[in-house]
Amino acid sequence: MVDLNSYLVIGALLFSLGLFGVITRRNGVAVLMGVELILNAANINFIAFARFGGMDFSGHVFALFVIVMAAAEAAVALAIILNIFNNLGTINIDEADQLKQ
Amino acid sequence: MVNYGIAILLLPLLAFVAQIFVGKRLPRNGDWVSVGAVALTLCLSLAMFGVMLVKYDPEFSVDQTWTWFDLGSLKVQIGILIDNVTVVMLLVVSLVSTLVHVYSTAYMEGDLRYSRYFAFLSLFTFSMNGIILANSLLGIYIFWELVGLSSYLLIGHWFEKDSASDAAKKAFLVNRVGDIGMFIGIMLFFTATGSFLFRDVFAGVESGLLSTETLTIAGLCLFAGAIGKSAQFPLHVWLPDAMEGPTPVSALIHAATMVAAGVYLTFRLFPIFTPAALTVIAYIGGFTAIFAAIIAVTQNDIKKVLAYSTVSQLGYMILAMGVGAYTYGLFHLVTHAAFKAGLFLCSGSVIHAMHHAYHELHDHESDPQDMRNMGGMKSKMKTTYLTMLICTVALAGVPFTSGFLSKDAILAGTLSFTMHHPEHFLLALFGFGAAFLTAFYMFRLVFMTFYGEPVRREVYDNIHESPSAMTAPLVTLATLSFFLFFTLPYFNPFSDHGWFTVLIEAQDSVVPGHLNPPANEIAGEMHHAHMPAMFLSILIAFSGIGLAVLMYLQKRISADDMAVKLALPYKLSFNKFFVDETYQRYLINPSLILARMIAFVDWELYDKYIVNGFGKVSVWFSRIVGIRWDYDILDQKIVDGIGRSISFFGSGLRLVQTGKVQNYLVWVLAGVIMIYVWQTI
C-alpha cells in the first residue's frame, strides 16, 4: 500500500511547507528551518527513488551527502545570522535590505 | 684618398652646424670654428696635392660609388670621384676659402650677424667641395643647388637693405632659369642611359644611345645650368647685382669658386658635347667675354668693374671649352681664381678704408665704392696697392704672370680654331678684343683708385691700411699670380708647359662618329697657333695698358671728351646695354601683367563666385540639415526619446529592486512556475 506516490506527496508537502517558511518568515532562524525542510524533502525523494525507482545505492549516498551539506549550510548560515545580529541588532531579515543600494 | 675627400667634404659642414646652433655662445662668436675647419680642409687638400705631385700620373683616378636607394628598376647611385682635376680644384677652393675666412674675421668685425655669416661661408665651402667631389650628375645637381642657396643667403647678408635682398632674390631666380635647363638635361641623359654616373653616361653616349640631335640638345640643356651659374649672356644679370653682398663673399663665391662651377661642369662633361653644341658654347662664351668687357669700361663702382670683369673672364673660360682648348679653360679658372679673389679682397680693403674714413667724418651719404671718390690712395695703402697692381697685371695678361699663361693658351686655342673654321672669325675677334679691353679697364681702375690727386683731402687723411688679417690673404693671392707656381718644374715664363698641363690631360670626345677632332690633334694645332697668339696678346695687352695710361694717368686724352664723341657706345656700355631694362620691359612686366590677370580671375571670379558660392550653399544646406533634421528630428525625437523611454522603464523597474531576499525568492519562484507552465503547455 505504501508506494512511491505516497512518498512523493509527502516530499512535495514538506517542500512546499519549507518554501512557505522561507518566503514568509521574518525571523532569520525560522527561514533557516524552512531551508532544512526543503533539504529533507529532497532527501525523502532520493530515498523513495532508491527504494522504488531503481536508483539503488546512489539515492542513499546522495541523501547522506545532502545531510552533510545541510549541516555545513546550517553552520555557515547561523554564522551569517549571528553577524547580521551583531551589525543590525536584530535578526529580522526585512531590516537586512542593504542589497537595495 | 677617398677618406681625405670625405673629410674635406664634411669638415665645413660640421663647422656650419656648430655655428648655426651654438655660434653665438662661443667665444669670438665662433669664427675660429669655421676658420679652423676650412684651414683643416686646406691642409688635407695640400696633402692630396702633394700625393698627386709625387705620383705624377695623368691617369690617376679613384671612383667610389655607393647605392643611395634601390627601387628595383630604378637604382640611384652617388659617390666620390677623385682625379687630378678634383685635387687641383679642391686646393683652389680650400685655399681661397681659407684666405677669405681669415680676411672676413677683420672685414666683418662687429657685424650684427657675425656667426651667421661664418656659418653660411662654411656651408658654401661644403657645397662647393661637394660639386667638385661628385661623380654623378645627380650629385653635382644637389650641391649645385646648395651653392645657389648659400650664395643667396650670403648676398642677402645685409637684408635690411632692400637692394641686398633684391639682389639675393634676383640671383636665386636667374639661376633657377638655368637650373631648370640643367635638370632637363640630366633627365634626358638619365632616361637614355639609366644612370647618373659620369662613367655610365659617357659609356652610354659612346655606344650611341642618344642620336646626335638629342645629344646636342641634352648637352645644351646641361650647359644652360652653366650659363646661369657662370653668369654667361643672357643670364649674366645676377652677378653684378650680387656685389651687394659683403666683399669677401664676392671674392670667394662670385669671383673665384661658385661662378667657376659652370666652367667646371662644362669641363667635366666636355667629352659628350657635339660639335654643334660646342659651337654654341664657344659663341656664348666669346660674346659674353667682349660684352661684359665693354660694360666694365664705363662703370664707376669698383666692385661693379670687377664683377663685369669676372663675367668677361668666365666668358673666356667658356670660350676655351667651346673651341676645344678645354683644359686651358680649367687652367684659366685656376689662375683666375687666385688673382680675381685677390682683386676683390683688395677692393674690399679699399672699401673698408673708405668706409671707415667716411665714418670718422660722419659722412653717411657718399658711396665708399665709387672710384670717383677715391684717388691717390697708393701712398696710404702700400700693401693693398702693390698686391692689387700685381693681380691687375696678371688679369691684363702681361708676361711673367699666371694670367698671361692661361689667357694666352685660350687665345691660341681660339686662333687655331678660327684658322680651321674661318667662318667663325668672330670668336677670335671676341677673344682678342676682350683682352684689349680687360687690360684697359683694369688699369683704369687702378689709376682711378690709387693714382692722381685725392678728391677730398679730409677723407684722404683718414685712410688707413687694413689690419694684417686682411693684408696677409692679399699678399698670398698676389704671390700666387706669378707664373712660377704653374710652370714648375720648368722655368719658361712664355710657355704654359708645367705640372698642370702634364697632369690634366684633355680627353677624347665620346660622341659617336668621330665628329669632334681627337684631343691630340687639337693640341697639335694649338701648338702652331701659340706663337702668333702670344705676340698678338702681348701687343694687345700693352696697347690696352697704354691707352689707360694716356687717358687716366697722364690725362692726355680726356675721358669725358671720348664719352661725348662716342656718345652711343658710351651710353650703351654705361647702361649695361639695357639688358636689365629689356628684361624688365619684355619679360618681367608681361609676366607681372599676366600674373595680375590670373590673380584677378582667381580673386574676383573664382574666389568670389565659386569658392564663396560653395560656402554659401554649404551654410544654407547645413542650416537645413542641422536645424531641421539633426536638431529637431534626430536629437529631439530619436536621441532624447530613447533617453526618456529608458528613464520611464527604469523608474518602473526600480520598484522591483527592494533589497529583500525573500522578495527576490518570490520572483524566482514565479519564474520557475512560469517555466514549468510554459514547458507543460
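A residue counts as buried under 20% relative accessible area, as exposed over 50%, and as partly exposed in between. The structure in these exercises is a predicted model.

**Exercise 1.** Classify F577(B) as buried, partly exposed or exposed, and describe its backbone and its place in the chain.

*Solution.* Begin with accessibility: the relative accessible area of F577(B) is 26%. This value falls between the limits of 20% and 50%, so F577(B) is partly exposed. Next, the backbone: phi of F577(B) is near 60°, which is positive although the residue is not glycine. Last, the location: F577(B) sits in the loop that joins α24 (567–574) to α25 in chain B.

**Exercise 2.** Examine the loop between α8 and α9 of chain B and report the backbone features of A231(B) and P234(B).

*Solution.* A231(B) belongs to this loop. Its phi is near 55°, again a positive value outside glycine. With a relative accessibility of 0%, A231(B) is under the 20% limit and therefore counts as buried. P234(B) is also in the loop, which runs between α8 (212–229) and α9 (238–241). The peptide bond leading from F233(B) into P234(B) is cis, and its omega is near 5°.

**Exercise 3.** Describe the largest nonpolar core and the surroundings of V88(B).

*Solution.* The core comprises 211 residues. V88(B), F189(B), W238(B) and L269(B) have the most contacts inside it. Helix α14 of chain B (residues 326–360) supplies the largest share, 20 residues. For V88(B), set aside neighbours within four places in sequence; its contacts are then F49(B), M52(B), V334(B), W499(B), F500(B) and I504(B).

**Exercise 4.** Locate the nonpolar surface patch that includes L605(B), and classify L605(B) by accessibility.

*Solution.* The patch covers about 830 Å². Its members are F600(B), V601(B), L605(B), Y606(B), Y609(B), I610(B), V611(B) and F614(B). L605(B) is part of helix α25, residues 579–654 of chain B. Its relative accessibility is 41%, so L605(B) counts as partly exposed.

**Exercise 5.** Characterise the interface of chain B and chain A by residues, buried area and salt bridges.

*Solution.* Start with the residues: chain B contributes nine and chain A contributes 13. Then take the area: the two chains bury about 900 Å² between them, and 64% of this is on carbon and sulfur atoms. Finally, check for charge pairs: zero salt bridges are found across the interface of chain B and chain A.

Technical notes. Residues are numbered from 1 along each chain as its sequence is written. Chains are lettered from A and ligands numbered from 1 in the order in which they are written. This is a predicted model: local features need pLDDT of at least 70, side-chain atom pairs count only at pLDDT 80 or more; totals for chains, interfaces and linings use all residues. Side-chain values use heavy atoms; hydrogens and water are left out. A nonpolar core is a set of buried Ala, Val, Leu, Ile, Met, Phe, Trp, Tyr and Cys residues joined through side-chain atoms within 4.5 Å. Buried means under 20% relative accessible area, exposed over 50%, partly exposed in between (1.4 Å probe, protein chains only). Helices (H or I, at least four residues) and strands (E, at least two) are DSSP runs, numbered from the N terminus. Contact means heavy atoms within 4.5 Å. Patches are made of residues with over 30% relative accessible area and no salt bridge: like charges are joined within 9 Å, nonpolar side chains (Val, Leu, Ile, Met, Phe, Trp, Tyr) within 5 Å. Accessible areas come from the Shrake-Rupley method with a 1.4 Å probe; for residues, only the protein chains shown count as cover. A salt bridge is a side-chain nitrogen of Lys or Arg within 4 Å of a carboxyl oxygen of Asp or Glu. Buried area is the accessible area (1.4 Å probe) that two parts lose on being put together, summed over both.
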